[in-house]
Amino acid sequence: AHDLIRRANGILGYDVEQLCTHDPASKLGQTRYCQPAVYVASLVAAELLRQTRPDALAQCQAVAGVGVGEYAALQVAGVFSFEFGLRLVMARAEEMQLAAAACEQRHPSLV
């Protein structure tokens, strides 16, 4: 799990764990930060499951997700690498952030 966070930090250019645990500037309210954080957190959770209960993921027959969770599900399924998925999510998040700013409305999210 720490390796995923380290690799994510290198791609993102900031400390995603620090962002998720402290977020002093309330950046998680911005799509450009929130979506990559959700992707990374989802895959850290999958990795922790793999480490603690390897049979759980080995016996998994399907994975699914909603929104950014779809990208995490595709990565868990082995469709693409962690890094490739993170770059896709970053591009998606940036474009959604720009679109929301242009429309002066926020992207709804599930809480």
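**Close-up views of a six-helix model**

**View 1. Cysteine C103 counts as partly exposed, because its relative accessible area is 49%.** Buried means under 20% relative accessible area, exposed means over 50%, and partly exposed lies in between, using a 1.4 Å probe and protein chains only. The model shown here is predicted: local features need pLDDT of at least 70 and side-chain atom pairs count only at pLDDT 80 or more, while totals for chains, interfaces and linings use all residues. Residues are numbered from 1 along each chain as its sequence is written, and side-chain values use heavy atoms, leaving out hydrogens and water. A search for disulfides (pairs of cysteine sulfur atoms within 2.5 Å) across the whole structure turns up zero. C103 therefore has no such partner: the nearest cysteine sulfur belongs to C34 and is 19 Å away. Another cysteine, C60, is partly exposed because its relative accessible area is 35%.

**View 2. Here is the whole protein, with six helices and zero strands.** Helices are DSSP runs of H or I with at least four residues, strands are runs of E with at least two, and both are numbered from the N terminus. Along the sequence the pattern reads α-α-α-α-α-α. The C-alpha atoms fill a box of roughly 45 × 25 × 25 Å along the principal axes. How does the radius of gyration of the protein agree with that of a compact globule? With 111 residues such a globule would have a value near 13 Å, and the protein has 14 Å, so the two agree. The radius is taken over C-alpha atoms, and the globule rule is 2.2 Å times the number of residues to the power 0.38. Of the 111 residues, 30% count as buried.

**View 3. Glutamine Q35 is part of helix α3, residues 31–52.** Is Q35 buried or exposed? Q35 counts as buried, because its relative accessibility is 7%. Setting aside neighbours within four places in sequence, Q35 is in contact (heavy atoms within 4.5 Å) with V68, V89, R92, A93 and M96. Across the protein, residues 24 or more positions apart account for 62% of the contacts with a separation of 6 or more.

**View 4. The loop between α2 (16–21) and α3 holds histidine H22 and serine S26.** H22 is exposed because its relative accessible area is 54%. Follow the chain eleven residues from H22 to Y33, and you will find their C-alpha atoms separated by 13 Å. S26 has a feature of its own to look for: its phi is positive, at about 55 degrees, although it is not a glycine. Most residues other than glycine have a negative phi.

**View 5. Phenylalanine F84 sits in helix α6, residues 82–103.** F84 is partly exposed because its relative accessibility is 47%. Try finding Y71 too: it is 13 residues from F84 in sequence and 10.0 Å away in space, C-alpha to C-alpha.

**View 6. Glycine G65 lies in the loop between α4 (54–58) and α5 (68–76).** With 28% relative accessibility, G65 counts as partly exposed. Which residues does G65 touch, not counting those up to four places away in sequence? They are E70 and A73.
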